[in-house]
Amino acid sequence: MSDASAATEPKFLIHQATHMFLTDPIHFQVVQMNKSAFIWVGKAEGKLGDMSVAVPPFGAHTNASATTIINKGVSEHGRNLARRLAAKYKQQFYISFDLSSPDDMLFVFVEKKLTELLKNVL
């Protein structure tokens with residue numbers, strides 16, 4: 001295989017973790033792709049919940065852009081997190097949260113654990 005074809009060959013790395021929030025296990029999955037990542041965070045049911053996507057800034061004076069693709073509630077946690085991650089890591093992020101709780105402490109917990117996971121894999 002030539003160097004050119006090896007560089008364009010798709011490569012997916014999957015990272016998983018589970019952390020306890022009070023008495024509930026919260027599952028994390030990061031699918032690392034070429035210059036993008038898909039993140040799913042949820043409970044044992046494994047459903048695709050609210051979903052957002054963000055792209056990194058294109059110029060020195062622009063912010064990362066984000067939008068909600070699937071919205072089952074009014075929370076903007078996923079979109080805001082996707083925007084921050086895209087700006088920090090300079091790559092596209094898809095984020096899906098399957099978390100039924102409106103508890104802000106849960107989202108603080110999720111962001112902290114996800115940040116630790118991403119620090120080790122990106």
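**Exercise 1. Determine how the residues lining the largest pocket divide by chemical character, and locate this pocket in the predicted model.**

Solution.

Step 1. The lining of the largest pocket divides into 8 nonpolar, 10 polar and 8 charged residues. The model to which this division applies is a predicted one.

Step 2. The space in the largest pocket amounts to about 380 Å³. Among the 26 residues that line the largest pocket, Asp50, Ser75, Phe97, Leu99 and Ser100 are the closest to its centre.

Step 3. Four secondary-structure elements each supply at least two residues of this lining: strand E4 (50-55), strand E5 (65-70), helix H2 (77-89) and strand E6 (92-98).

**Exercise 2. State the order of the strands in the open sheet, and explain why one side of E1 and of E5 is left without a neighbour.**

Solution.

Step 1. The open sheet has 6 strands in the order E1-E2-E3-E6-E4-E5, and its pairing is mixed.

Step 2. Strand E1 (13-21) and E5 stand at the edges; each has a single partner strand, and therefore one side of each lacks a neighbour in the sheet.

Step 3. On average, neighbouring strands of this sheet are turned by 15° against each other, with direction ignored.

**Exercise 3. Establish in which sense, parallel or antiparallel, E3 and E6 pair, and then treat the pairings of E2 with E3, E4 with E6 and E4 with E5.**

Solution.

Step 1. E3 and E6 pair in the parallel sense over 7 bridges. Within this pairing, Gly42 stands opposite Asp98 in E6.

Step 2. Strand E2 (residues 24-33) pairs with strand E3 (residues 36-42) in the antiparallel sense, over 7 bridges. Val31 has Phe38 in E3 as its bridge partner, and Gln29 has Trp40 in E3.

Step 3. E2 and E3 also form a hairpin with 2 residues between them, and Lys35 in the turn has a positive phi of about 60°.

Step 4. E4 and E6 run antiparallel and are joined by 5 bridges; the bridge partner of Val53 in E6 is Tyr94.

Step 5. E4 pairs with E5 in the antiparallel sense over 5 bridges. Here Val55 has Ser65 in E5 as its bridge partner.

**Exercise 4. Identify the strands that H2 and H3 lie across, together with one angle for each helix.**

Solution.

Step 1. H2 lies across E3, E4, E5 and E6, and runs at about 150° to E6.

Step 2. Helix H3 (residues 104-121) lies across E1, E2, E3 and E6, and runs at about 40° to E2.

Step 3. E3 and E6 are thus among the strands that H2 lies across, and E3 and E6 are likewise among those that H3 lies across.

**Exercise 5. Decide whether Ser36 is buried or exposed, and describe how E3 is covered.**

Solution.

Step 1. Ser36 has its place in strand E3.

Step 2. The relative accessible area of Ser36 is 10%. A residue counts as buried under 20%, so Ser36 is buried.

Step 3. Leaving aside residues up to four places away in sequence, Ser36 touches Val31, Gln91 and Gln92.

Step 4. The strand as a whole is mostly covered, since 7 of the 7 residues of E3 are buried.

Step 5. Both faces of E3 are covered: the buried residues are Ser36, Phe38, Trp40 and Gly42 on one side, and Ala37, Ile39 and Val41 on the other.

Terms used
Residues numbered from 1 in each chain as written. Predicted model: local features only at pLDDT ≥ 70, side-chain atom pairs only at ≥ 80, totals over all residues. Heavy atoms only, no water. 1 Å grid on protein atoms, 1.4 Å probe; cavity = no way out; pocket = protein on both sides within 12 Å on 5 of 7 lines; lining within 4 Å. Points joined across faces, edges and corners; volume = space filled by probe spheres on them. Nonpolar A, V, L, I, M, F, W, Y, C, P; charged D, E, K, R; others polar. Pairing = 2+ DSSP bridges. Axes fitted to C-alpha atoms, helices over the stretch in contact; angles between N-to-C directions. Contact = heavy atoms within 4.5 Å. Buried < 20%, exposed > 50% of the residue type's maximum accessible area, 1.4 Å probe, protein only.
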